[in-house]
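Here is a quick tour of one model, taking in how some of its helices pack, where empty space is left, and a few backbone details. Have the viewer open as you read.

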Amino acid sequence: MHKPVIRPRRLRQSVAIRNQVRELNVHPHELILPVFIREGLTEAQEISSLPGIYQHTLESIRPAVAEAAAAGVGGIMLFGVPSERDAVGSGATDPEGILNRALRVVAEEAGDAITVQADLCLDEFTDHGHCGVLDARGRVDNDATLERYADMAVVQAESGAQIVGLSGMMDGQVAVVRDALDDAGLEDTIVLAYSAKYASAFYGPFREAVDSQLQGDRRTYQMDPANRREGLLEAQLDVAEGADIVMVKPAMSYLDVLADVAVESEVPVWAYQVSGEYAMIMAAAQNGWIDRERAIAESIVSIRRAGADAVLTYFATEYAQSLRA
Ligand code: PBG
């Protein structure tokens, strides 16, 4: 009988040898925790479609930041949920708006232990729920929105954001925000571009988390899930405009796009394991259909393996703790 000459199983025969040939280990500092701060709450409130994830108050956010930092999580990405909204999303540029107030609290709590990041988008703040302002015909007005983003970036940075996360998918947003920051003397503020952001059903639970007012969809600005090449184009444009970090989002259904961007990019590449990805793992695990801990580890290592240097994930604190244990 012909015996196999090459036997890949040799390197799988024990824990010790598997540990020595593993190509990739995930570290806590490569994880970033998204958090929600809701105006007008008296205590933290669990989000039903994101079990274990809360809308925080300005008080309850402090221990959540401390816990993430103690677990070694690398960063925290803030989303604000205002109690009042208007057509232009005024709360986004008001220094007393919920997100900017939260940034000051979190920056104070975080110190140097963890990077403070802010979602830079208008959808949480507009009464129509779109990521930009609308023109007379009700369409999202790209260039009028850029002016709002410029103001928003400066207020966020002045409130304590070290990284601004541009998630609105307006053309030219990176260049405009970079200029505005530099003009304000905020040259050190880092621009994270959600470059290849797809119009995805996997943002479903996020809509509950931020009490989204959106009717309709975001397909005139977020990308068509069928388009791979365009993901790379978007990342290249953002790098040319001055992005310090580019991102692909969602993660698990877009690992091909992530791999393309990771091969070509000259700046770090991050990926966002979004709310629906978290919810699917949690729901299946709660039914006893999959092993929760293993599914978390496998999903995050696959995103790293495809080329992400860091991963935004609602599992960040829990997974970082398990890595340390
Ligand atoms: C826009 C934004 C969204 C998410 C992050 N930033 C919502 C959207 O684009 O519809 C979704 C994140 C998630 O689903 O976890 N502010």
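Leaving aside neighbours within four places in sequence, which residues is Arg85 in contact with? The list runs Glu124, Phe125, Thr126, Asp127, Val210, Asp211 and Gln213. Keep in mind that this is a predicted model. Arg85 itself sits in the loop between β4 (75-81) and α3 (98-110). Pro63 is just 22 residues away from Arg85 in sequence, yet the two C-alpha atoms are 28 Å apart in space.

**Helix packing**

Now for the helices. Three pairs are worth a look, and their geometry goes easily into a table.

| Helix pair | Angle between axes | Axis separation |
|---|---|---|
| α9 (275-286) and α10 (292-306) | about 155 degrees | 9 Å |
| α7 (229-240) and α8 (255-264) | roughly 40 degrees | within 9 Å |
| α8 and α10 | about 40 degrees | 8 Å |

Start with α9 and α10, whose axes make an angle of about 155 degrees. Anything over 145 degrees counts as roughly antiparallel, so that is the label for α9 and α10. Their crossing is right-handed. On the α9 side the contact uses Ile281, Met282 and Ala285, while α10 brings in Arg292, Ala295, Ile296 and Ser299. Sorted by class, that gives five nonpolar residues, one polar and one charged.

The pair α7 and α8 crosses at roughly 40 degrees, and the two helices are therefore oblique to each other. This crossing, too, is right-handed. From α7 come Gly231, Leu232, Ala235 and Gln236, and they meet Val257, Asp260, Val261 and Glu264 of α8. The mix here is four nonpolar, two polar and two charged residues.

Helix α8 also packs against α10, at an angle of about 40 degrees and with the axes 8 Å apart. Leu255, Leu258, Ala259 and Ala262 are the α8 residues in this contact, and Ser302, Ile303 and Ala306 are their partners in α10. How many of these residues are charged? There are no charged ones, with six nonpolar and one polar making up the set.

**Pockets**

On to the empty space. The largest pocket has a volume of about 310 Å³. Its lining takes in 19 residues, and the ones nearest the centre are Leu33, Gly52, Ile53, Tyr314 and Thr317. If you'd like to find it by secondary structure, look to β1 (31-38), β3 (50-56), α2 (61-70), α9 and α11 (316-324), which each give two or more residues to the lining. By class, the lining has 12 nonpolar, four polar and three charged residues.

The second largest pocket holds about 250 Å³ of space. Which element gives the most to its lining? That would be α10, with four residues. Helix α11 is also on the list of elements supplying at least two. The full lining consists of Arg22, Leu24, Asn25, Val26, Arg294, Ala297, Glu298, Val301, Tyr319 and Leu323. Six of these are nonpolar, one is polar and three are charged.

**The cavity**

Searching the whole structure turns up one cavity of 30 Å³ or more. About 150 Å³ of space lies in it. There are 18 lining residues, with Asp123, Lys197, Tyr203, Phe206 and Lys249 closest to the centre. As for the make-up of this lining, eight residues are nonpolar, three are polar and seven are charged.

**Backbone details**

Lys249 has already come up as one of the residues closest to the cavity centre, and it has a backbone feature as well. Is the peptide bond from Lys249 to Pro250 cis or trans? It is cis, with omega near -10 degrees. Pro250 falls in the loop between β8 (245-249) and α8, and α8 is the helix that packs against α10 with the axes 8 Å apart.

One more residue deserves a glance. Met169 has a phi near 60 degrees, which is a positive value in a residue other than glycine. You'll find Met169 in the loop between β6 (163-166) and α5 (173-183).

Terms used. Residues numbered from 1 in each chain as written. Predicted model: local features only at pLDDT ≥ 70, side-chain atom pairs only at ≥ 80, totals over all residues. Heavy atoms only, no water. Axes fitted to C-alpha atoms, helices over the stretch in contact; angles between N-to-C directions. Parallel < 35°, antiparallel > 145°, perpendicular 65-115°, else oblique. Left-handed = near helix turned anticlockwise from the far one by under 90°. Contact = heavy atoms within 4.5 Å. Nonpolar A, V, L, I, M, F, W, Y, C, P; charged D, E, K, R; others polar. 1 Å grid on protein atoms, 1.4 Å probe; cavity = no way out; pocket = protein on both sides within 12 Å on 5 of 7 lines; lining within 4 Å. Points joined across faces, edges and corners; volume = space filled by probe spheres on them.
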